[in-house]
Amino acid sequence: MKTNNAHHALLLLLTAFIWGVAFVAQSAGGDAVGPYTFNSIRSLIGGAVLIPVIFFLQKTGLAPKHEGGDRATLIKGGIACGIALGLASMTQQLGMYYGAGTGKAGFLTACYILLVPILGIFLGKKCGKKVWIGVALALVGLYLICINGAFRLGRDDILLLVSALLFSVHILIIDHFSPMVDGVKMSCIQFWVAGLLCVAPMLCVDMGFSAESAAAWRANLASGEAWISILYAGVLSSGVAYTLQIVGQRGMNPTVAALIMSMESVFSLLAGWVLLDQTMSIKELLGCVLVFAAIILAQLPDKTAEAR
């Protein structure tokens, strides 16, 4: 592996680890202050954290130079990423708020690894046999994870699958814009957009329209435990990890990048087991194994295509 590729691979692996552990913070923080409040504050913190980073890079001359991108492209990319990220984070947080454990949330969110090449069909990119076999394996795995008794998906499971679709769109937007613009600046813009997108539902849903609900919301927000989760998600999961994703995806083979980032599901399962003492049934564990196997299979390079 070339040095540059190894560097990007390490960045994406660190991203996956931070995201995986963040499921624990999201579970605790979202329950404490409400899903929209948690996402709004964490995103705004992520954007604020990157402002001094951008200033430092510019002052020291370490800011990367990009060809073919201008200010308008940077703003357009940041807004597009922010909208996709904001909607994806909201649906993911709601899924966890309505009862999905960290392990299940991590595996269902990881379905974006399968959805990215499938959505690529609409962009003129074909999928090989391995992807379709992976889709079939994932469907069986999702059935084992999500379906309990009657043949129906729970509200939390559906929200997490919608979140996976939105994260797939986010990845494809990054793939389009990241070679043209400064990744740190685009990441900063996306966080401000994502944070502001959550403000209205935060005020209407989490805070409520009565004096009593607003007082309860303020009391929960003043909790020190809630802020530990918010700061972890804001500084590390948002400010650091999503920026590492943008930087790490640039110059990396998308297949390899997606495979590395799929490790977040493994880290989330381990984090829920170690930090929250959560357990999963044999049926759910088998489903997780099948989904993870599908993710790996779908992302393995096609030797025939490489030969061509």
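**Helix packing and buried contacts in an all-helical predicted model**

Of the 308 residues of the chain, 50% count as buried. The model is a predicted one. It contains 15 helices and zero strands. Contacts in the chain between residues at least 6 apart in sequence were examined by separation, and 89% of them join residues at least 24 apart.

Two helix pairs were analysed. Helix 3 (residues 71-97) packs against helix 8 (residues 183-197). The angle between helix 3 and helix 8 is about 45°, and their axes lie 7 Å apart. Helix 3 is therefore oblique to helix 8. The crossing of these two helices, 3 and 8, is right-handed. Helix 3 contributes Leu-74, Ile-75, Gly-77, Gly-78, Ile-79, Cys-81, Gly-82, Ile-83, Leu-85, Gly-86, Leu-87 and Met-90 to the contact. Helix 8 contributes Lys-185, Met-186, Ile-189, Gln-190, Phe-191, Val-193, Ala-194 and Leu-197. By class, the contact of helix 3 with helix 8 comprises 14 nonpolar, five polar and one charged residues.

The second pair is helix 2 (residues 35-60) and helix 9 (residues 199-206). Their packing angle is about 150°, with the axes 8 Å apart. Angles over 145 degrees count as roughly antiparallel, and helix 2 and helix 9 are therefore roughly antiparallel to each other. Their crossing is left-handed. On the helix 2 side, the contact is made by Pro-35, Tyr-36, Thr-37 and Ser-40. On the helix 9 side, it is made by Val-199, Pro-201, Met-202, Val-205 and Asp-206. The contact of helix 2 with helix 9 holds six nonpolar, two polar and one charged residues.

Aromatic pairing was examined next. The count comes to two aromatic pairs. Trp-19 and Tyr-242 form a tilted pair, with 4.9 Å centre to centre and 50° between the planes. Trp-19 lies in helix 1 (residues 3-33) and Tyr-242 in helix 11, so this pair ties together parts that are 223 residues apart in sequence. Trp-19 and Tyr-242 are both buried. Phe-191 and Tyr-242 form an edge-to-face pair, at 6.1 Å centre to centre and 70° between the planes. Phe-191 lies in helix 8 and Tyr-242 in helix 11, so the pair ties together parts that are 51 residues apart in sequence. Phe-191 is buried, as is Tyr-242. Trp-19, Phe-191 and Tyr-242 form one aromatic cluster. Phe-191 is also one of the helix 8 residues in the contact with helix 3.

Three further residues of helix 11 were followed. Ser-237 is found in helix 11 (residues 224-249). Its relative accessible area is 1%, and Ser-237 is buried. With residues up to four places away in sequence not counted, Ser-237 touches Ile-18, Trp-19, Ala-22, Arg-42, Tyr-232 and Tyr-242. Two of these partners, Trp-19 and Tyr-242, belong to the aromatic cluster.

Leu-244 also lies in helix 11. At 15% relative accessibility, Leu-244 counts as buried, because the cut-off for burial is under 20%. Leu-244 touches Leu-11, Leu-12, Leu-14 and Thr-15, again with residues up to four places away in sequence not counted. The C-alpha atoms of Leu-244 and Val-184 are separated by 8.6 Å. Along the chain, Leu-244 and Val-184 are 60 residues apart.

Ala-226 is likewise found in helix 11. Ala-226 counts as buried at 2% relative accessibility. The C-alpha atoms of Ala-226 and Gly-29 are 5.2 Å apart in space, and the two residues are 197 residues apart in sequence. Leaving aside neighbours within four places in sequence, Ala-226 is in contact with Ala-32, Val-33 and Asn-220.

One residue of helix 3 completes the set. Ser-89 has its place in helix 3. Ser-89 is buried, with a relative accessible area of 6%. Residues up to four places away in sequence not counted, Ser-89 touches Asn-39 and Phe-167.

Definitions and conventions: Residues numbered from 1 in each chain as written. Predicted model: local features only at pLDDT ≥ 70, side-chain atom pairs only at ≥ 80, totals over all residues. Heavy atoms only, no water. Axes fitted to C-alpha atoms, helices over the stretch in contact; angles between N-to-C directions. Helix = DSSP H or I, 4+ residues; strand = E, 2+ residues; numbered from the N terminus. Parallel < 35°, antiparallel > 145°, perpendicular 65-115°, else oblique. Left-handed = near helix turned anticlockwise from the far one by under 90°. Contact = heavy atoms within 4.5 Å. Nonpolar A, V, L, I, M, F, W, Y, C, P; charged D, E, K, R; others polar. Buried < 20%, exposed > 50% of the residue type's maximum accessible area, 1.4 Å probe, protein only. Phe/Tyr/Trp six-rings, centres within 6.5 Å; stacked < 30°, edge-to-face > 60°.
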